[in-house]
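Visitor: I'd like a tour of this one, but I'm going to ask how you know things. Can you show me what we'll be looking at?

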2 protein chains.
Amino acid sequence: MAGSRRGPRERMVFSAAQLIRRDGVGATGMRDVAAHAEAPRGSLQHYFPGGKEQLVNEAVAWAGRYAARRVARFLAGMAEPTPSGLFAAMVRQWTEEYETAGHLSGCPVAAATVDCASSAASTRQAAATAFATWARPVAEALTGMGVPADRAGSLATLMISALEGALIIARAEADPRALTTVVRELGPLLDAAVRKD
Amino acid sequence: MAGSRRGPRERMVFSAAQLIRRDGVGATGMRDVAAHAEAPRGSLQHYFPGGKEQLVNEAVAWAGRYAARRVARFLAGMAEPTPSGLFAAMVRQWTEEYETAGHLSGCPVAAATVDCASSAASTRQAAATAFATWARPVAEALTGMGVPADRAGSLATLMISALEGALIIARAEADPRALTTVVRELGPLLDAAVRKD
DNA sequence: AGCCGGTTATGACGGCGGTCATAGTAGCGG
DNA sequence: CCGCTACTATGACCGCCGTCATAACCGGCT
């Protein structure tokens, strides 16, 4: 993985996001993160003097930026972009993971929200900005496809909501069916929002 | 609350669900559950010899049945039921909670999935059946409203997905906006699925 | 060489978690 | 009164976790 080429700090943030999205925040220990990142345990307090909360917050922020980057890459790779195509591409990331890995992991931002929203205000805030970071390029892409500006933001929220919710159901069912279902049902609505002209 | 009239066992299951949906599974201790239920700590191992996993599983199952019961009550209270009306009623439960309590808690099934799907197989299974228990009456209601049978199940999945996802975003933002957004955007699609005749 | 800031290494500490063991109580049929 | 079952009570055990303290490294600079 290209991650091992990065510095130890970024590796730990990356590993934290990976472990959190699989096991949740509570079940992810600092020692686990260091081990997974093949980083020295002593570096944790050096790079993250704010402790676990800081590490989690940075992992969440990293995930938000990563999701936004994915959206940009999807758009660049689509010849004739459509809202449903973008949504399908966003979801495909997880269905592909299921096909290759044989199981489904969740979204670190969702995990952090579920585990920390009521206890750690800073993490809740980090998750909110992560979602915003993710939704912004989606909404911009929609307007670029001809969706009226006043609906683009709402539809972006709907897309991410449906994705996150379906991901949870799919994990519970250990089956990506819910993901493909929301793509199939939501796609037409999204395309119908494109301004005809 | 009517809960104190029930037996201690059911009270503990109820309390577990409440604490889990607020703090997540990892951050919810057995002692906390007993204290919240005003039940003796010693009763935990008596009623739940399977330990925390059993308690969590029962809390998840209870939440699934509760959600299904809510759906039935919504339908009974609606003069002219429509898909969008049902969805709005399902979401309203949380927006109302925000208005009265001033903050948003999550869904215990989602929390259990996020925290346990990759570690406790029985809990993952319990969450899957809870979602199925919830989705079934929704799908049946949709068919009763004239939605073609082959789409009712898919739309029920989409409704629950959008609800769960929006709930996570709303919690992160500490604002129910995402919930109202998905109702507004998804409502028309749901109503459009009703067979015209 | 000597120093020094940025790192890594390691062990200890306090707290809390789930679980177990054991004893206690209350009710009740015999 | 006995014995039995259902339930309650309490404390102890062990392990893990996040955090801190302390010391060692190590490259580069003077």
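**How do you know?**

Guide: Let's begin where the protein meets one of the DNA strands. Helix 3 (42-47) of chain A, along with helix 2 (30-36) and helix 4 (51-77) of chain B, each supply at least two residues of the surface near DNA strand C. Keep in mind that this is a predicted model.

Visitor: Which helix gives the most to that surface near DNA strand C?

Guide: That's helix 3 of chain A, with 4 residues. Altogether 14 residues sit around DNA strand C, and among those that come nearest are Pro40(A), Arg41(A) and Arg31(B). Sugar and phosphate make up 43% of the strand's atoms that come within 4 Å of the protein.

Visitor: What makes the pair of Arg41(A) and DNA strand C a polar contact?

Guide: Check the distance against the cut-off. A polar side-chain atom of Arg41(A) lies 2.4 Å from a base oxygen of the strand, and a polar contact needs N or O atoms within 3.5 Å. So the pair qualifies as a polar contact.

Visitor: And which atoms of DNA strand C do Ser43(A) and Thr28(B) approach?

Guide: Phosphate oxygens. Ser43(A) uses a polar side-chain atom, 2.5 Å away, while Thr28(B) uses a backbone N or O atom, 3.4 Å away. Both values fall within the 3.5 Å limit, so both are polar contacts.

Visitor: What kinds of residue make up the surface near DNA strand C?

Guide: By class, there are 3 nonpolar, 7 polar and 4 charged residues.

Visitor: Now for the other strand. Which residues are closest to DNA strand D?

Guide: Arg31(A), Lys52(A), Pro40(B), Arg41(B) and Ser43(B), out of 15 residues that surround the strand. Of the atoms of DNA strand D within 4 Å of the protein, 47% belong to sugar and phosphate.

Visitor: How do you know that Arg41(B) makes a polar contact with a base of DNA strand D?

Guide: One of its polar side-chain atoms is 2.3 Å from a base oxygen of DNA strand D. The limit is 3.5 Å, so Arg41(B) passes. Ser43(B) has a side-chain N or O atom 2.4 Å from a phosphate oxygen of that strand. A polar backbone atom of Thr28(A) is 3.4 Å from a phosphate oxygen of DNA strand D.

Visitor: Which element gives the largest share of the surface near DNA strand D?

Guide: Helix 3 of chain B, with 5 residues. The residues of this surface divide into 3 nonpolar, 8 polar and 4 charged.

Visitor: Let's turn to the two chains. How many residues of chain A are in contact with chain B?

Guide: 39 residues of chain A are in contact with 39 residues of chain B. The two chains bury about 3300 Å² between them, with 66% of it on carbon and sulfur atoms. In chain A, the residues that lose the most area to chain B are Val114(A), Ile168(A) and Glu185(A), together 19% of what that side buries.

Visitor: Why is the pair of Arg151(B) and Glu185(A) called a salt bridge?

Guide: Their side chains meet at 2.6 Å, N to O. The cut-off between a nitrogen of Lys or Arg and a carboxyl oxygen of Asp or Glu is 4 Å, so the name fits. Across this interface there are 2 salt bridges, and 12 residue pairs are in polar contact. Helix 8 of chain A gives the most to the side of chain A that touches chain B, with 16 residues.

Visitor: What makes the two chains look related by a two-fold axis?

Guide: Chain A can be laid on chain B by a turn of 180° and a shift of 0.0 Å along the axis, with an RMSD of 0.0 Å. The two copies are therefore related as by a two-fold rotation axis. The same surface serves both copies, as 100% of the contact residues of chain A recur in chain B.

Visitor: One last stop. What do Glu58(A) and Arg9(A) tie together?

Guide: Their side chains form a salt bridge at 2.8 Å, N to O. Glu58(A) lies in helix 4 of chain A and Arg9(A) in helix 1 of chain A, so the pair ties together parts that are 49 residues apart in sequence. Over all chains, the structure holds 14 salt bridges.

Methods
Residues numbered from 1 in each chain as written. Chains lettered and ligands numbered in written order. Predicted model: local features only at pLDDT ≥ 70, side-chain atom pairs only at ≥ 80, totals over all residues. Heavy atoms only, no water. Near = heavy atom within 4 Å. Polar contact = N/O pair within 3.5 Å; in protein donor to acceptor, adjacent residues only side chain to side chain. Nonpolar A, V, L, I, M, F, W, Y, C, P; charged D, E, K, R; others polar. Contact = heavy atoms within 4.5 Å. Buried area = accessible area lost by both parts, 1.4 Å probe. Least-squares fit on C-alpha atoms with pLDDT ≥ 70 in both.
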